[in-house]
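Please open the model in your viewer and keep the selection panel at hand. The tour below proceeds stop by stop, naming what to select and then what is to be found there.

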2 protein chains.
Amino acid sequence: MYPPSPREASANTMHSPRSTFDNLDPHKQGRVLEESLQEFAEHGYHQASVNRIVGRLGIAKGSLFQYFGSKEGLFRHLFARALDEIKAPLKAIRDADSGEPFPLRLRRVFVEGAAFARSHPLIWRVYRRMVAQEDFPLRALLLSQVRDEALTYLRELVEGGQARGELRPDADPQAAAFLIEAALDRALTAQDAPLLDAGFGLSSGDEFQRQQRLAALADILSQGLLAPVDISSTGRHAPPHKGDANA
Amino acid sequence: MYPPSPREASANTMHSPRSTFDNLDPHKQGRVLEESLQEFAEHGYHQASVNRIVGRLGIAKGSLFQYFGSKEGLFRHLFARALDEIKAPLKAIRDADSGEPFPLRLRRVFVEGAAFARSHPLIWRVYRRMVAQEDFPLRALLLSQVRDEALTYLRELVEGGQARGELRPDADPQAAAFLIEAALDRALTAQDAPLLDAGFGLSSGDEFQRQQRLAALADILSQGLLAPVDISSTGRHAPPHKGDANA
DNA sequence: CGACGAAGTGACCGGGTGGTCATTCGTATG
DNA sequence: CATACGAATGACCACCCGGTCACTTCGTCG
């Protein structure tokens, strides 16, 4: 269903000037983008080589520059595409389980996050590199676009839990969000980086084992944030008794 | 002519073949190492430029290669030096507070860790780059040397807490160590990387505020691991007993 | 057919890279 | 002084980089 008049298919926030690339056979477009993403994922931005990309694609170097203007332009294009792919599942998680108890929601965040990283390994690798490598071309601008979204969600998750009396009211939501994000980020990274796995086993084992381990991480964090039962400083309402919550 | 008595000052685990560098005026040695470390910290391994290093030092390029043989050799040398500087304070923490209660020890880990990262910013930056960047020359070998040490300590910290009844006996020490390490790593990184600060404020504020925030992170983690009060809605097995632990 | 424009090409450019080595320098010794 | 020898040098090398552009190819019109 391609609408005839507006050829802008995607609702990209980054509008690149119309170029030859848009008129290409979509199949070829796909190949170009995929191979380029692969290169950036494997080598990072600076070590990625345009020569290598065109070599694998079997096209002339001039073509790539005609499409995207520069190496940075190519990277921008890839990022915009990836951003679209990231936003959808993130919104899906956000909306799906707003009624569930906090620990369950947190588990879901970990499991769904891990699933995304596993199903988009290249995007995830490039993202990691951008986070860690300070000299990516548009690092601050691009990263804030995706990180703000995730962090806002996590903060709201915590604040919602506090509002419902599930969580200790005296815990700093910023601190909690920070901690969750740190744990989540490392967990997803560890999935395909045994060196960072810390002997925990996120990079090995079958799907079920991994999910259990992710849940275990989420549970420790939940436990650290749950409303206290016998400790002194509550003062407010007693925590709602939570017999079974999840069926 | 060889020096009459071997002046091997450092007990380096990596023994590089004797070279011109060892005979140099120690002051000059220091300048060379410092400036090189700076370059690697600023630009990472591949983007670091030997030309730039010798430029800043005001020495000929040939000299650097006479000293270290190659860019990689220079990096190895720097790493060996840094490793010595890391191990000492790490052992100091390990031995210092073995009698304190768990939450206090964990706080100390965060605060001391942050202090180290602040007092050795260049080493810390290079370390971060090595962790995140997969194509460092001896990444796996070099990293395992320092990470094993830290992780073993954290795991022992948790197991010790469990043995003394402070911590939930059913928490997986591996999971706990993983979580602590993830939080710690991100906290130290956030100190000088506002982009990763997640609005928490570790990269701003005075020394006292930062320490309080670090302690807050440690406390949430401690709370998540402390002996049970009431495990919640999650479907996991209930903790075996809950009677005594904390009064 | 010829004309035209879009798509595709690859030799070529300036510049930076890690690394080499024949040479010079500095100095302590006989 | 002459000799010896390690330290210091920087011109030079092959290589790769991102980027350019005059040119060819191709498809579609009139």
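Which atom of DNA strand D is 2.9 Å from an N or O atom in the side chain of A:Asn51? Select A:Asn51 together with DNA strand D in this predicted model, and you will find that the partner is a phosphate oxygen of the strand.

Keep DNA strand D displayed and add A:Ser49, where a polar side-chain atom lies 2.9 Å from a phosphate oxygen of the strand. Then move to chain B and select B:Thr20, whose side chain has an N or O atom 3.1 Å from a phosphate oxygen of DNA strand D. The elements that contribute two or more residues to the surface near this strand are α2 (50-57) and α3 (61-68) in chain A, along with α3 (61-68) in chain B. Colour α3(B) separately, since it may be useful to see that this helix supplies the largest share of that surface, 4 residues.

Next, widen the selection to the 19 residues that surround DNA strand D, of which A:Ala48, A:Lys61, A:Lys71, B:Lys28 and B:Tyr67 are the closest. Coloured by class, this surface shows 7 nonpolar, 9 polar and 3 charged residues. On the DNA side, 59% of the strand D atoms within 4 Å of the protein belong to sugar or phosphate, while the rest belong to bases.

Now hide the DNA and turn to the interior, where the structure holds 11 cavities of 30 Å³ or more. The largest cavity has a volume of about 320 Å³, and to find it you can select A:Ala132, A:Asp185, A:Arg186, B:Ala132 and B:Asp185, which lie nearest its centre among the 17 residues that line it. Two or more lining residues come from each of α6 (121-132) and α8 (173-191) of chain A, and likewise from α6 (121-132) and α8 (173-191) of chain B. By class, the lining comprises 9 nonpolar, 2 polar and 6 charged residues.

For the last stop, show both protein chains and superpose chain A on chain B: a turn of 180 degrees with a shift of 0.0 Å along the axis lays one on the other with an RMSD of 0.1 Å. That is the relation of a two-fold axis. To locate the rotation axis from chain A, select A:Gly224, the residue of that chain that comes closest to it, with its C-alpha at 1.7 Å. The same surface serves both copies, in that 84% of the contact residues of chain A recur in chain B.

Methods: Residues are numbered from 1 along each chain as its sequence is written. Chains are lettered from A and ligands numbered from 1 in the order in which they are written. This is a predicted model: local features need pLDDT of at least 70, side-chain atom pairs count only at pLDDT 80 or more; totals for chains, interfaces and linings use all residues. Side-chain values use heavy atoms; hydrogens and water are left out. A residue is near a molecule or strand if one of its heavy atoms lies within 4 Å of it. A polar contact is a pair of N or O atoms within 3.5 Å; within protein, one must be able to donate a hydrogen and the other to accept it, and residues adjacent in sequence count only if both atoms are side-chain atoms. Ala, Val, Leu, Ile, Met, Phe, Trp, Tyr, Cys and Pro count as nonpolar, Asp, Glu, Lys and Arg as charged, and the others, Gly among them, as polar. On a 1 Å grid over the protein atoms alone, a cavity is a set of points where a 1.4 Å probe fits but cannot get out, and a pocket is an open set with protein on both sides within 12 Å along at least five of seven lines; lining residues have an atom within 4 Å of a point. Grid points are joined across faces, edges and corners, and a volume is the space filled by probe spheres set on the points. Copies are superposed by least squares on the C-alpha atoms of residues with pLDDT of at least 70 in both. Contact means heavy atoms within 4.5 Å.
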